[in-house]
Amino acid sequence: MKNTLERGSCSENGINPRAVYNFIERNEKEKLGVDSFMLLKGGKVVAEGYYNPYTNKTPHVEFSLSKSMSATALGFALDEGKVSLDDSICKYFPEYGKLWSNKRITVRHLVTMTAGKMIGMATARHKEDWIKIFFDTPPIAPPGKLFLYVNDNFYLISAIISRVYGVTLVDFLEPRLFKPLGIEKPFWEIDSFGYAAGGWGLYMPIEDLAKIMRCYSQMGKWNGKQVIPEKWIEEATKFQTKTVKHGQPDVAQGYGYGIWMTSIPNAYRFYGLYGQLGYVFKDRDTVLVVNSGISKDMYLAAAINDMCKTLWDTPEEAFETKLKDKLSRLGDKDILDKKERNTALERKYSQKPLKTRSGTFASMLPATMSAVFDERVGHIDRFILDLKDNGELWLMWKEGEFVNEVKLGMDGKYAETPIEFGQLKMHACTKAAWLNPNVLRVIIRIKEACVARQLDFDFSNEKHIRITNNSIPDLPNLAAHYVDFSGIPLTNALDSAIVKYIAPAVLAYGEPTFRVKKIKRIF
């Protein structure tokens, strides 16, 4: 096997193409949010699909799937004898609080989410010392007794590796994992102390993720060479601790070392928010990787579980052609048809800044990102439409310290423009159209972040211009998802209450309707 993945067909490799075809159909019918996927059997890619603007080379935010990669880094450190699962965390952070409760927390407790501390992501993090936050947080359970899903556990694993080896987490993994698999060094968000986020913040193309999952499926071997320690994979991918009693079926099956057990027999998965998934089906020599953008990703997991019921049935070869045709015609993530432009209004408001007021969290980035940056993003305070001499319409916005300008695709096709949020260098894929003579809809899909912003500029009342802000995935359903993910039984009444009452209050800060007044100066 070379460092490039070979391609093959489903039928020739013992995969039923009808199961894959039905999965794609279900994704589109139920709006499951898949951006891209790859299915491997025997090391060959037998099916792959990409909704525009995504490709197999697009770096994609992996959210909490990053935890499995941090755990993999820990596996190397254990194999090299530099770290032990039974080490107290105080060994690596001697300058922090030496309370007895901290001394009892071990590396094993971190990687199994059983440290006994609950630290919310809402805690102020900008240029803060997260290690101190962790050590100063009082325990709510003795170490090893209770599964608590806390990002800071894996931040500490990242910090431990950086302290022991003197390099960032991604630089530590490059010679051990990325280079042997032919993976270009990915980007991982780093805080002002030089530590990678660990629990999230990794951006990786789906084909690179597929290589890592394939290596796991071969007990750490790649091209006949042992890359990931076999003993680590044996322990990391088996049940180590109970998780939640309620909630999503596939988060209630138990946890290994940064890796989830699943309701599918003889399978485990890497898992991140919004449907970032890597499955290994141990007795089937099969790997599935998916990148997505969906609030309630339990529905995506259910669709995958159903696909697996027939995935290894006798191949129905008649569906091979249907599947290939289907995959060759996957459309855009965002549909916005070309419509007649109101060039008079475009010209009238061109280069006239529309000043707004918003809270700190109002951003083109989702609220689940950017907590580690030195540069604070958020607080959008103005927009500018710019009609160029060649007829192109551009949109500029100011957000915190950053100003970005993007070309708007007015012909029903994406226009792609580089954008920047400090550490993050991304690409905005945009579409725009006049819904009626007074309302301009703009969709800004930040390709690497699996999120899209929909902004409706309403010029109906020129004294009270409004910009309605919506996101894909949407925040109300994400709020309900978090409650369910925590293991709290989510009744229909509670689900409705979150969506109806709680989420709108959060929207006012994170996704406000901007009320605009015109000003005369530019930035």
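Helix H10, residues 298–308, is a good place to start in this predicted model. Of its 11 residues, 8 are buried, so the rest of the structure largely encloses this helix. If you would like to pick them out on screen, the buried residues of H10 are Met298, Leu300, Ala301, Ala303, Ile304, Asn305, Met307 and Cys308. Buried here stands for under 20% relative accessible area.

Let's move on to a sheet. Three strands make up an open sheet, running in the order E4-E6-E5 with antiparallel pairing. Strand E4 (60–61) and strand E5 (187–188) are the edge strands, each pairing on one side only. Follow E5 to its partner and you reach strand E6, residues 202–204, with the two joined in the antiparallel sense over 2 bridges. Within this sheet, Trp188 has Leu202 of E6 standing opposite. As a reminder, the strands of a sheet pair through backbone hydrogen bonds, either parallel or antiparallel.

Finally, have a look at the second largest pocket, whose volume is about 590 Å³. Its lining consists of 24 residues, and those closest to the pocket centre are Lys31, Leu32, Gly33, Gly293 and Ile472. Which elements give two or more residues to this lining? They are helix H1 (17–30), strand E2 (34–41) and strand E21 (465–472). H1 gives the most, with 3 residues. For anyone thinking about the chemistry of the lining, it splits by class into 8 nonpolar, 6 polar and 10 charged residues.

Definitions and conventions:
Residues are numbered from 1 along each chain as its sequence is written. This is a predicted model: local features need pLDDT of at least 70, side-chain atom pairs count only at pLDDT 80 or more; totals for chains, interfaces and linings use all residues. Side-chain values use heavy atoms; hydrogens and water are left out. Two strands pair if DSSP finds at least two bridges between them. Helices (H or I, at least four residues) and strands (E, at least two) are DSSP runs, numbered from the N terminus. Buried means under 20% relative accessible area, exposed over 50%, partly exposed in between (1.4 Å probe, protein chains only). On a 1 Å grid over the protein atoms alone, a cavity is a set of points where a 1.4 Å probe fits but cannot get out, and a pocket is an open set with protein on both sides within 12 Å along at least five of seven lines; lining residues have an atom within 4 Å of a point. Grid points are joined across faces, edges and corners, and a volume is the space filled by probe spheres set on the points. Ala, Val, Leu, Ile, Met, Phe, Trp, Tyr, Cys and Pro count as nonpolar, Asp, Glu, Lys and Arg as charged, and the others, Gly among them, as polar.
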